[in-house]
Amino acid sequence: MARDLGSRWRWKGRGVFAVCVVASVCASSAAFAATPPSAARTLAECLHDVVAAVPEPAKSTLPRIAGPERQLLAARAYLRNPDLAQRWSWNARQAADYARSPEYAQAMSELAKVQARFAADNPGHRLHVNVQPRTLDVQLQRWNDNASVGRTAAALRADAESACATASPDAFVDWLRGWQPNPPPNLAAPGLSPHGQGRAYDFQVYAGDRLVAGTDSSRIALDWRQGGWATRLADAVRAASPSFQGPLTAPDEPWHYAYVPIR
């Protein structure tokens with residue numbers, strides 16, 4: 001009887017110990033469950049980190065861009081340009097200084113040669129070109145309104161929200177720098193347009209006052225390719241002056257040529 005009683009106490013002891021162990025595990029599990037996981041980073045937080053990593057003058061330009069997705073897309077371009085300050089669009093004083101320079105006079109002379117050759121090769125048609133540098137304000141307005149920028153920016157946002165959730169600030173900046181748009185937008189990020197320093201020109205073909213081939217991307221196939229104006233413009237440029245490079249191919253702009261003065 002005593003042995004049975006002792007056995008019962010020993011069992012009870014083991015039972016008490018077992019209950020204590022189970023209670024401890026349950027308590028630990030409850031404490032673990034009550035501890036929230038690390039909060040996912042928001043896109044706004046990641047955009048803040050990106051803005052901090054972008055150098056001037058782009059840093060002060062980003063708040064003027066409409067919406068976080070277009071800001072991210074522009075910031076990607078800024079992060080990928082180590083010579084950003086040298087490429088940045090001119091202010092009014094810089095543009096005025098260039099307009100008084102010998103280089104500008106030479107550029108106008110070379111443009112006149114191209115226009116004369118084109119008119120001779122294509123009777124009844126002429127080339128129009130805007131020689132004024134494209135200001136930062138104009139670039140911002142076009143970036144904020146452009147449909148192709150909007151589509152690419154929306155695709156970037158979808159990918160960025162996923163990448164941002166768990167990435168450190170430095171890792172997200174690196175991710176954004178390496179992100180590849182498909183297709184790319186048909187505009188350069190504000191401040192980085194080659195037109196911003198007055199050394200790129202968009203040619204448009206006119207017959208009298210009627211626009212025959214302009215800068216509408218949706219009409220490239222019809223007007224510039226099927227109409228043959230891409231080839232005719234390229235022929236006139238090559239024949240008239242060695243100072244122009246083009247046309248631009250990424251994005252596809254058969255009307256766009258860069259002026260590179262012969263030293």
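User: Which side chain of opposite charge is nearest to Arg70, which is buried yet has no salt bridge?

Analyst: This is a predicted model, in which local features need pLDDT of at least 70 and side-chain atom pairs count only at pLDDT 80 or more, whereas totals for chains, interfaces and linings use all residues. Residues are numbered from 1 along each chain as its sequence is written, and side-chain values use heavy atoms, with hydrogens and water left out. A salt bridge would need a side-chain nitrogen of Lys or Arg within 4 Å of a carboxyl oxygen of Asp or Glu, and buried means under 20% relative accessible area, with over 50% exposed and anything in between partly exposed (1.4 Å probe, protein chains only). With Lys and Arg counted as positive, Asp and Glu as negative, and His and the chain ends not counted, the nearest candidate, at 5.5 Å, is Glu69.

User: Which residue has its backbone oxygen 3.2 Å from a polar atom of the Arg70 side chain?

Analyst: Arg70 belongs to helix H4, residues 68-79, where helices (H or I, at least four residues) and strands (E, at least two) are DSSP runs numbered from the N terminus. Contact means heavy atoms within 4.5 Å, and, setting aside residues up to four places away in sequence, Arg70 touches residues including Trp143, Asn144, Asp145 and Val149. The backbone oxygen at 3.2 Å from the Arg70 side chain belongs to Asn146.

User: Is Glu103 buried or exposed?

Analyst: Glu103 sits in helix H7, residues 102-121, and beyond its neighbours within four places in sequence it is in contact with Tyr98, Arg199, Tyr259, Pro261 and Arg263. The C-alpha atoms of Glu103 and Arg199 are separated by 10.0 Å, although the two residues are 96 apart along the chain. Because its relative accessibility is 17%, Glu103 counts as buried.

User: Which residue in E7 is the bridge partner of Asp202?

Analyst: Two strands pair if DSSP finds at least two bridges between them, and strand E2 (residues 200-207) pairs with strand E7 (residues 256-259) in the antiparallel sense over 3 bridges. Strand E4 (residues 244-245) also pairs with E7 in the antiparallel sense, over 2 bridges, with Gln245 partnered by Ala258. For Asp202, the partner in E7 is His256.

User: Which residue takes a positive phi in the hairpin of E2 and E3?

Analyst: Strand E3 (residues 210-213) runs antiparallel to E2, and 3 bridges join them, with Arg210 of E3 as the bridge partner of Ala207. The hairpin has 2 residues between the strands, and the positive phi, near 65°, is taken by Gly208.

Methods: Polar contact = N/O pair within 3.5 Å; in protein donor to acceptor, adjacent residues only side chain to side chain.
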